[in-house]
Amino acid sequence: MKMSSSRTQAVLAAIPKLIKHRPSCLVRASQHRNYSQSSAAKTTEATAEKWGLAGALYLERLPVITPKMTRLEQEYKEYKLQQEVEQSLLSEYEITKKEEEERLAIQKKNVLDTPLHLRNIPIQTMQDKEELWSKELAQFTPADRETEADKSNDMRSTDRKLDQSLVLLLKQVVDGKEWWYLPTMNYTPGLSMREVAEQALTSNCGTDLKFRVFGNAPSGYQIKNYGREKREETKLNGHKVFIYKAEYRGGPVIPNEDNSVLDYAWVTPKELRQYLGRTTSRVLNKFIIY
Amino acid sequence: MALSSFKQCNRILQAGSFNKLLCNSFHTCKPQYFHESGTLNAMPMKRKVKIDPRIILEREQKKKKKIENELMKLERLERTLKPVDEFDSQRRLKRVASERTRENTELTREEKLKRFHLEKKWCVYSYKQYKAVCGQINQATKFAAEALAELRKESEELYVQAIQEDPSILSYSKSGPTETPPIKNYQFPDGEYNEVTKVW
C-alpha cells in the first residue's frame with residue numbers, strides 16, 4: 001500500500017505532538033519507500049515510482065585540537081593528578097634533590113670551616129637544572145587555539161573552529177533557485193556510486209583537493225521528492241542521493257562556476273541547520289559522530 | 001701345590017703325549033718354581049674390536065650437539081617473557097620503599113567530601129558520555145545499512161559494487177587531536193647530536 005505525500009502529512013499532523021517517538025512505520029512511509037518491485041503492474045495507476053540517482057560527498061575536516069574541558073573534567077583531572085602524586089613513592093630525582101639541599105645547608109653552615117679554595121664551588125644542583133629547563137620551555141610559544149579565521153568568522157577557511165569538525169557545503173543554482181547542499185552529482189551509467197560521489201567533489205571543487213573516502217558503501221541516503229511540475233517533466237518521482245563520508249586531507253576548494261557553483265563554506269555540524277534546513281540536517285545528523 | 005719330583009715325573013709319564021726328551025732330564029731348579037696353577041673359572045676375554053676412528057669422532061660430535069641443543073633451549077627460555085602474574089616487585093625497591101615514603105598531610109574532612117562527590121559526578125558523566133557515543137555509532141551503522149538496502153532496490157549492479165571490500169582501509173592511521181594547533185612554517189631546532197664524522 002503506498003501513500004501519497006499529502007495523505008502522509010495529514011496522518012502525521014493528526015498525531016498529537018506530545019508523542020516524541022514516531023512509530024517507525026510512519027517514519028518510513030513519510031520517506032516514500034519505493035515498494036514498486038512489481039511496478040510494471042502498477043504503472044497504469046497514478047505515478048510510476050521511478051527515482052533518479054545521485055551521489056554526494058560529505059567531506060569532513062576532522063578536529064585539529066582537543067575540545068575545551070568542562071569544569072567537571074578540569075576539576076577531576078586536577079584531583080586525579082594530585083591523588084597520583086600523593087599515593088606515589090619518592091622518585092630518584094626527588095631524593096637526589098633532597099640530599100643536595102641538605103648538603104647545601106650543611107655547606108652554608110660550615111662555610112668558615114671549609115678552606116678557601118673549596119668554597120663556592122658551583123655544583124649544578126637540581127635547582128639550577130630546573131631553572132634551565134623552565135627557561136628553555138619559556139622560549140617556545142605554542143600557537144593560539146583561537147585562530148584569525150575564528151575572529152573574522154571566515155566561513156571559507158578550514159582554520160575555523162579547530163576543536164570541531166567542519167563539513168564542506170556548496171551553494172548551487174538548481175532549477176533557478178540557489179541552495180546550499182553537499183557536493184552532488186547525478187549518476188552517470190558506467191560508474192560505481194563511490195566514483196560518482198568522488199567526481200561530485202572533483203568536478204565541482206577542483207582536482208587539487210586531497211581527500212579519502214572510506215569504503216565502497218554509502219554512509220547514508222536522502223530521498224528528495226519532486227514537485228508536480230518536475231514530476232511531469234522528468235517522469236521521476238524524485239531522486240535518491242547516496243552520501244559517502246570522506247576525510248579532508250588538504251588542498252584548496254576552487255568552486256567550478258561552469259557547474260553553477262557560486263560559493264562554498266566549511267560549516268560545523270551544529271551550524272548545518274542554518275544552511276541546510278531541518279530535514280536535511282536531520283538526515284546528516286544520523287551519521288555524524290560528535 | 002708343590003709335589004715331589006717323583007710324583008711330577010709320574011704324572012708326566014701318564015700324560016702320554018708328552019715329549020720324552022723332557023721326561024728324561026731332571027730339573028735342577030726348585031720344585032716350587034714349577035707348579036700347576038689352580039683351575040681358572042673365567043670365560044675367555046672379549047676380542048678387542050678396533051673401532052673406526054671416524055665413528056668415534058661421530059659419536060663425540062653427537063654428544064656435543066646434544067649439549068649445544070640443550071643450551072640453546074635454555075637460552076630461548078631466557079628470552080621468552082615471563083607472564084605478568086609471575087612477577088614480583090623489584091627486590092631493590094622493597095628494601096628501599098620505607099626510605100621513599102612521601103610525607104603527606106592528612107586531608108581535611110571537607111577535602112575528602114569534595115573528592116567523594118567529584119567521583120560520583122564523574123561516574124555519571126562518563127557513563128552518559130559513553131552511552132551517547134555508543135548511540136551515535138549504532139545510529140550511523142544502522143543508517144548505512146538502510147542506505148545499502150535502498151541502493152539495492154535501485155540497481156543490483158550498483159549494490160554489488162558497493163559491497164566490495166576496500167583493502168586500502170587497512171592501511172589507514174590517524175593520530176589524535178593535540179592541545180594546540182601546529183605552528184605554521186615552524187623552524188625545527190637542531191637536537192643534541194654527537195659528531196661522528198671521521199677526521200683523518
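**Helix H8 and the nonpolar core of chain A**

In helix H8(A), the residues that count as buried are Met193(A), Arg194(A), Val196(A), Ala197(A), Ala200(A), Leu201(A), Asn204(A) and Cys205(A). The model in which they appear is a predicted one, and this should be kept in mind throughout. To make sense of such a list, it helps to recall that an α-helix has 3.6 residues a turn, so residues three or four places apart point the same way.

The length of this helix can also be checked: at 1.5 Å a residue, the 13 residues of H8(A), numbered 193-205, should span 18 Å, and because the C-alpha atoms at its ends are 18 Å apart, the expectation and the model agree. After H8(A) comes Gly206(A), a residue whose phi is positive, near 90°.

From one helix we can step back to the whole chain, which has 11 helices and 8 strands. Of its 290 residues, 37% are buried, while the accessible surface of chain A comes to about 18300 Å², with 52% of this belonging to carbon and sulfur atoms. When contacts between residues at least 6 apart in sequence are considered, 71% of them join residues at least 24 apart.

In soluble globular proteins, nonpolar side chains tend to be buried together. Here the largest nonpolar core holds 51 residues, and those touching the most other members are Leu59(A), Leu182(A) and Leu284(A). The strand E1 of chain A, residues 51-61, gives the most to this core, contributing 7 residues. Leaving aside residues up to four places away in sequence, Leu182(A) touches several residues, among them Ala56(A), Leu57(A), Tyr58(A), Val167(A), Ile243(A) and Leu284(A).

Note on methods: Residues numbered from 1 in each chain as written. Chains lettered and ligands numbered in written order. Predicted model: local features only at pLDDT ≥ 70, side-chain atom pairs only at ≥ 80, totals over all residues. Heavy atoms only, no water. Helix = DSSP H or I, 4+ residues; strand = E, 2+ residues; numbered from the N terminus. Expected span 1.5 Å × (residues − 1). Buried < 20%, exposed > 50% of the residue type's maximum accessible area, 1.4 Å probe, protein only. Core = buried A, V, L, I, M, F, W, Y, C linked by side-chain atoms within 4.5 Å. Contact = heavy atoms within 4.5 Å. Areas by Shrake-Rupley, 256 points an atom, 1.4 Å probe, with all protein chains shown as cover.
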